[in-house]
Each structure stands twice: as structure tokens, then as C-alpha cells.
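Q: Could you walk me through how to read this structure, one feature at a time?

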Amino acid sequence: PRVRDIMNRQVINITEDEEVRVAAKRLLKDEMNHLPVLDRNGALVGIITTYDVSKAVVTDGRLRQVKDIMTRNVIKTTPDEPVDVAAQKLEQNNISALPVVDAANRVVGILSAIDLGKLFGGRR
Ligand code: SAM
């Protein structure tokens, strides 16, 4: 199977100049752990997680915007990538989700460890 077969297409994003507080609210509201971060043109420029928000709270209260705390070196996948290759990316980098991008670096989905579980008969 390919990433497109199991990815989640309903992606909740945030833009890089939003406040960290808005990101925190969105993560809580949608019970997500990962938000892909977009620039004003809609291209993927980072990722922010509950981990990053927590770290910002304990380290430096002046880190106000998503772009101050996001991870810029995003590990990502594409709809055509074989699922086992994507799974290796998760494991090797100790992360639990990959944004799925098209050729223009636009987010078309998100693949999480939970989605991989669907391959093994779970209904998540
Ligand atoms: N397992 C947890 C997770 O998946 O977020 C915590 C460990 S992981 C090392 C935490 C860091 O990984 C956070 O700073 C987050 O921004 C980053 N991260 C999560 N997914 C990422 C991805 N697809 N590409 C790059 N960094 C990512």
C-alpha cells in the first residue's frame, strides 16, 4: 500500500505568524498532536506539536509566535510513497506523524502512527 491509501485527508493547519496560544487551542480542540505550519502562500514551512508548545511554556515565555518554536526541518512524505518507507521515517526520527505533500509542497494529508495501525485490522 501507498501513503494515499491510509493518510488522513482532513488536515488541520496553522500559519507561521499565529500566536502559540492559538496553536495550543487548536491542538486541544481537535485532539491533535501535530499541526503542519504553512506560510502565507500555503506552502509547508514547519510543524508544531504539543511537545513544542509545552517546551515553550517552560523555557521562554517570550516565544510568542508559531514560527519561533516550530520545527523547520520537516520530515514529510508523499501520496505515492510506499507505506513501509514512511513507517521507517517515523521510527528512525522518533516522531509519530508525517505531513503528506504534493509537488508544490502543499499539505494534502497527514500520516500518523495511528493510520499505520489501520493496516493491521484496527479501526482506530
Ligand atoms: N513522539 C513525539 C512526537 O512525535 O512529536 C515526541 C518526540 S519528537 C522528537 C518531538 C519533536 O519532533 C518536536 O519538536 C516536533 O516539532 C518534532 N516533529 C514531530 N513530527 C515531525 C516531523 N514530521 N518532522 C520534523 N519534526 C517533527
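Q: Which of the 14 residues around the ligand come nearest?
A: A residue counts as near a molecule if one of its heavy atoms lies within 4 Å of it. Here, Asp52, Thr71, Ile75, Ser96 and Ala97 come nearest. This is a predicted model, where local features need pLDDT of at least 70 and side-chain atom pairs 80 or more, while totals for chains, interfaces and linings use all residues. Residues are numbered from 1 along each chain as its sequence is written, and side-chain values use heavy atoms, without hydrogens and water.

Q: Which polar side-chain atom lies 2.5 Å from an oxygen atom of the ligand?
A: A polar contact with the ligand is a pair of N or O atoms within 3.5 Å. That atom belongs to Asp52; a polar side-chain atom of Thr71 lies 2.6 Å from a ligand oxygen atom. A polar backbone atom of Ala97 is 2.9 Å from a nitrogen atom of the ligand.

Q: How much of the ligand's 550 Å² does the protein bury?
A: Accessible areas come from the Shrake-Rupley method with a 1.4 Å probe. The ligand taken alone exposes 550 Å², and the protein buries 78% of that.

Q: Which way do the residues of β2 point?
A: Strands are DSSP runs of E with at least two residues, numbered from the N terminus. In β2, His34, Pro36 and Leu38 point one way, and Leu35 and Val37 the other. All of these are buried, meaning under 20% relative accessible area (1.4 Å probe, protein chains only).

Q: How many bridges join β2 to β3?
A: Two strands pair if DSSP finds at least two bridges between them. Five bridges join β2 to β3, and these strands run antiparallel. Leu35 has Ile48 in β3 as its bridge partner.

Note on methods
Buried < 20%, exposed > 50% of the residue type's maximum accessible area, 1.4 Å probe, protein only. Helix = DSSP H or I, 4+ residues; strand = E, 2+ residues; numbered from the N terminus. Polar contact = N/O pair within 3.5 Å; in protein donor to acceptor, adjacent residues only side chain to side chain.
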